[in-house]
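Please open the structure in your viewer and keep the selection panel at hand. The stops below say what to select next and what is to be found there.

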Amino acid sequence: MSLQISLTEPREVRLARTGDRATVWIDGVAFETRTRPDGGATELTIDGRREKVWVVVDRDTVFVHAFGRAWALDVVNPVEESLREGQGADSATAPMPGVLVSLSVAEGDEVTEGQTLAVIESMKMQTEIKAPRAGVVERVPSAVGESFGQGAPLVVLVSEEAE
Amino acid sequence: MSLPGKVLVANRGEIAVRIMRTLRELGIRSVAVYHAVDARSRHVRDADEAVELTGSTPVAAYLDAEQIVAACVATGAEAVHPGFGFLSERAAFAEAVAAAGVTFIGPPPDAIRAMGDKIESKRLAVIAGVPTLPGSEDALSDTAEALREAERIGYPVLLKASAGGGGKGMRIARSPEECREAFERSSAEAVASFGDGRVFLERYVDRPRHIEIQVLADSHGTVIHLGERECSIQRRYQKVVEEAPSPFVTPELREELGAAAVSLARKVGYTSAGTVEMVMDPDGNGFFLEMNTRLQVEHPVTELVTGVDIVAEQIRVAAGEKLSLTQDEVRISGSAIEARVYAEDATAGFVPAIGPLRLVRFPSGPGIRVDHGVLQGDEVTASFDPMIAKVVGFGPTRTDAIERLSTALRDTVLLGTTTNTAFLADVVEHPDFAAGDTHTGFLDEHPALTTPTVADAETERVLIAAAALHSPRFDRRFDVPDAHSRVGEWRP
């Protein structure tokens with residue numbers, strides 16, 4: 001099985017383990033690695049170079065603290081990803097993290113493109129969230145007063161194929 | 001008078017934890033207050049007892065003076081420490097606390113009120129002999145007056161909302177056209193943000209340093225200063241790196257600024273800890289900005305170079321005791337630099353980040369102080385200010401302090417959301433910071449500090465391998481059987 005792991009650009013990655021050793025193929029080039037626990041961290045040796053890394057996995061995001069800073073990498077299965085494509089415009093997403101101040105639509109409502117769906121507050125500024133296209137509201141994941149992260153869907157529309 | 005037996009801390013996060021540390025050292029029991037979202041937070045765990053507050057939002061709970069006074073009465077707390085933010089600079093809260101027979105650990109309400117208004121505080125500063133920036137004496141009545149005053153003072157000018165703070169309602173104008181626009185926008189913003197549209201203007205200092213003087217005063221007539229802090233590294237008009245002493249301030253200048261700050265504190269009948277903030281031009285002329293009538297976020301750097309526990313002094317003063325030291329006993333030795341760790345993306349306009357703190361590791365050791373209020377597993381939400389911790393490096397020289405702080409920041413592991421630790425380390429490692437060439441436009445002048453770091457091929461390889469080795473996606477139990485890829489993987 002190969003996965004795509006991206007720091008900035010996707011790399012095709014394969015892995016074969018033997019105990020604490022593993023071969024990692026990155027874009028077809030093999031690297032010999034070895035890992036050892038080091039406190040809560042991992043001592044990772046790759047091609048003879050040793051680094052202490054701290055790693056946390058949150059679904060398909062892997063956070064790594066190494067070289068004195070934190071990095072985030074995305075891990076995707078290219079097959080699943082291709083199935084998920086084309087869904088981008090089905091929801092109005094949060095441009096920045098914040099709190100939902102008001103909602104002007106509910107499940108089942110018909111909306112027109114550009115219609116204001118909700119108002120969010122972030123950094124003491126209010127921003128209107130508008131419909132990306134015309135459609136019918138399938139669901140509203142957050143309630144007024146709740147907070148959300150950047151990119152979170154605020155209003156989800158019934159997908160065009162389903163309509 | 002004697003110290004109280006029990007003190008309620010009307011705050012949350014790192015500052016509540018820090019205040020409780022001093023309470024413990026003084027043998028005083030502590031009471032925490034919390035909103036339900038903070039029920040399992042560190043400040044609640046560190047307290048001897050805790051009282052839940054309710055509110056329409058989490059912030060509203062911590063701003064509810066009535067519930068907090070009731071909590072004092074219910075728990076038998078004899079005094080309340082407000083920390084900073086929330087109710088710390090609300091004179092009405094100090095009065096409500098006193099009316100319930102509880103001691104407010106802070107200055108008298110009149111001093112809070114006088115210093116809380118930018119125009120009134122500036123008037124008092126003039127009387128006390130503290131230099132102020134040439135500016136309009138009263139709020140500007142209209143655009144025409146704004147233009148006349150700007151002409152009189154000379155461009156560039158800074159327009160400020162009287163009730164403002166934290167950079168809101170502030171605009172720089174370098175020409176009459178800019179002044180007209182700035183006046184209109186600042187007035188509108190001031191009405192929207194503070195319900196008070198008064199705007200005034202003053203001369204704008206280019207490449208200014210932010211210098212502030214820590215003062216301490218007791219009710220026996222002693223007013224002293226603990227020297228200055230420099231807080232010139234700011235983003236969105238908020239401080240991110242603060243240090244004591246300032247690499248720019250000479251002992252003579254320190255004496256001069258300190259005397260001015262003490263004189264102002266005397267003028268308003270000040271007691272407890274307070275900070276006189278000044279803007280300093282490149283020639284070393286300091287001009288009064290405002291006085292903060294509370295404990296300051298960056299107080300640790302002063303504590304480290306003077307050896308004074310500012311919170312302990314506040315508690316003693318509130319109990320009617322004398323300050324533990326006189327001006328002659330104040331010694332400033334070494335250097336301390338604090339960096340504010342925020343959940344935010346420094347490479348995207350410092351937009352706040354939210355999310356879980358899945359892995360939390362703070363450094364410790366000689367020359368490092370970390371004040372924080374988080375536990376592993378905590379969630380950073382949009383409900384509160386996104387400051388996670390304050391990491392401080394200190395040592396005999398400024399170079400030592402920089403080195404320790406940069407190492408401490410590089411060793412601060414906070415995974416699960418975005419934080420600014422690497423940005424802060426990049427700032428303090430910058431040659432211009434090391435040279436002490438700091439001013440409030442530092443970050444604008446060094447845009448490379450806020451551009452994303454590009455990993456070289458070798459770094460990327462390590463990160464990809466680390467991600468691959470830890471991703472459960474590669475765990476065999478979740479594999480879809482695929483004979484060909486298996487064969488491929490095991491090929492030598």
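Among the contacts in chain A between residues at least 6 apart in sequence, 40% join residues at least 24 apart, and this should be read with the caution that the model is predicted. With chain A still selected, colour by secondary structure, and 1 helix and 16 strands appear; of its 163 residues, 40% count as buried.

Stay with chain A and pick out two backbone positions. Most residues other than glycine have a negative phi, and most peptide bonds are trans. Select Arg59(A), which lies in the loop between β6 (49-58) and β7 (61-66) of chain A: its phi is positive, about 50°, although the residue is not a glycine. Arg59(A) has a relative accessible area of 70% and is therefore exposed. Then move to Phe67(A), in the loop between β7 and β8 (69-76) of chain A, where phi is again positive, about 55°, in a residue that is not a glycine. Phe67(A) has a relative accessibility of 26%, so it counts as partly exposed.

Before leaving chain A, show the side chains of Arg14(A) and Trp25(A): the charged end of Arg14(A) sits over the ring of Trp25(A), 4.9 Å from its centre.

Now turn to the aromatic rings, of which the structure holds 4 pairs over all chains. Select Phe93(B) and Phe104(B), whose ring centres are 6.0 Å apart and whose planes stand at 85°, so that the pair is edge-to-face. Phe93(B) belongs to helix α5 (residues 91-99) of chain B and Phe104(B) to strand β5 (residues 103-104) of chain B, and the pair links these distant parts of the chain, 11 residues apart. Both Phe93(B) and Phe104(B) are buried.

The next pair to select is Phe350(B) with Phe423(B), which is edge-to-face, with 5.3 Å from centre to centre and 70° between the planes. Because Phe350(B) lies in the loop between β15 (344-345) and β16 (351-352) of chain B and Phe423(B) in helix α14 (residues 421-429) of chain B, the pair ties together parts that are 73 residues apart in sequence. Phe350(B) counts as buried at 9% relative accessibility, and Phe423(B) is buried with a relative accessible area of 5%.

To complete the aromatic stops, select Tyr62(B), Phe86(B) and Phe384(B), which ring pairs link into a cluster. Adding Arg12(B) to the selection shows this residue over the face of Phe384(B), at 3.5 Å from the ring centre.

Return to α5(B) and display it together with α6(B): the two helices pack at an angle of about 175°, with their axes 8 Å apart, which means that α5(B) is roughly antiparallel to α6(B). The contact is made by Ala91(B), Ala92(B), Ala94(B) and Glu95(B) of α5(B) and by Pro109(B), Ile112(B) and Arg113(B) of α6(B), a set that divides into 5 nonpolar, no polar and 2 charged residues.

Follow the chain into the next helix contact, where helix α6 (residues 109-116) of chain B packs with helix α7 (residues 118-127) of chain B at an angle of about 100°, with the axes 5 Å apart; α6(B) is therefore roughly perpendicular to α7(B). On the α6(B) side select Ala114(B), Met115(B) and Gly116(B), and on the α7(B) side Lys118(B), Glu120(B), Ser121(B) and Leu124(B). These contact residues divide into 3 nonpolar, 2 polar and 2 charged.

Select helix α8 (residues 143-153) of chain B next, whose buried residues include Leu147(B), Ala150(B) and Ile153(B). What do the buried residues of α8(B) pack against? They pack against β6 (157-161), α9 (176-194) and β8 (199-203) of chain B. Just after the helix comes Gly154(B), with a positive phi near 100°, and then, in the loop between α8 and β6 of chain B, Pro156(B), to which the peptide bond from Tyr155(B) is cis, with omega near -5°. A cis peptide bond also joins Ala244(B) and Pro245(B), with omega about -10°, and Pro245(B) is placed in the loop between β11 (238-244) and α10 (251-267) of chain B.

Finish at Asp378(B), in the loop between β19 (368-372) and β20 (379-380) of chain B. Asp378(B) has a relative accessible area of 18%, so it is buried. Leaving aside neighbours within four places in sequence, Asp378(B) is in contact with Gly355(B), Pro356(B), Leu357(B) and Gly373(B).

Key:
Residues are numbered from 1 along each chain as its sequence is written. Chains are lettered from A and ligands numbered from 1 in the order in which they are written. This is a predicted model: local features need pLDDT of at least 70, side-chain atom pairs count only at pLDDT 80 or more; totals for chains, interfaces and linings use all residues. Side-chain values use heavy atoms; hydrogens and water are left out. Rings of Phe, Tyr and Trp (its six-membered ring) pair if their centres lie within 6.5 Å; planes under 30 degrees apart count as stacked, over 60 as edge-to-face and the rest as tilted. Helices (H or I, at least four residues) and strands (E, at least two) are DSSP runs, numbered from the N terminus. Buried means under 20% relative accessible area, exposed over 50%, partly exposed in between (1.4 Å probe, protein chains only). A charge sits over a ring if NZ of Lys or CZ of Arg is within 6 Å of the ring centre and within 35 degrees of the ring normal. Axes are lines fitted to C-alpha atoms, for helices over the stretch in contact, and angles run from 0 to 180 degrees between N-to-C directions. Angles under 35 degrees count as roughly parallel, over 145 as roughly antiparallel, 65 to 115 as roughly perpendicular and the rest as oblique. Contact means heavy atoms within 4.5 Å. Ala, Val, Leu, Ile, Met, Phe, Trp, Tyr, Cys and Pro count as nonpolar, Asp, Glu, Lys and Arg as charged, and the others, Gly among them, as polar.
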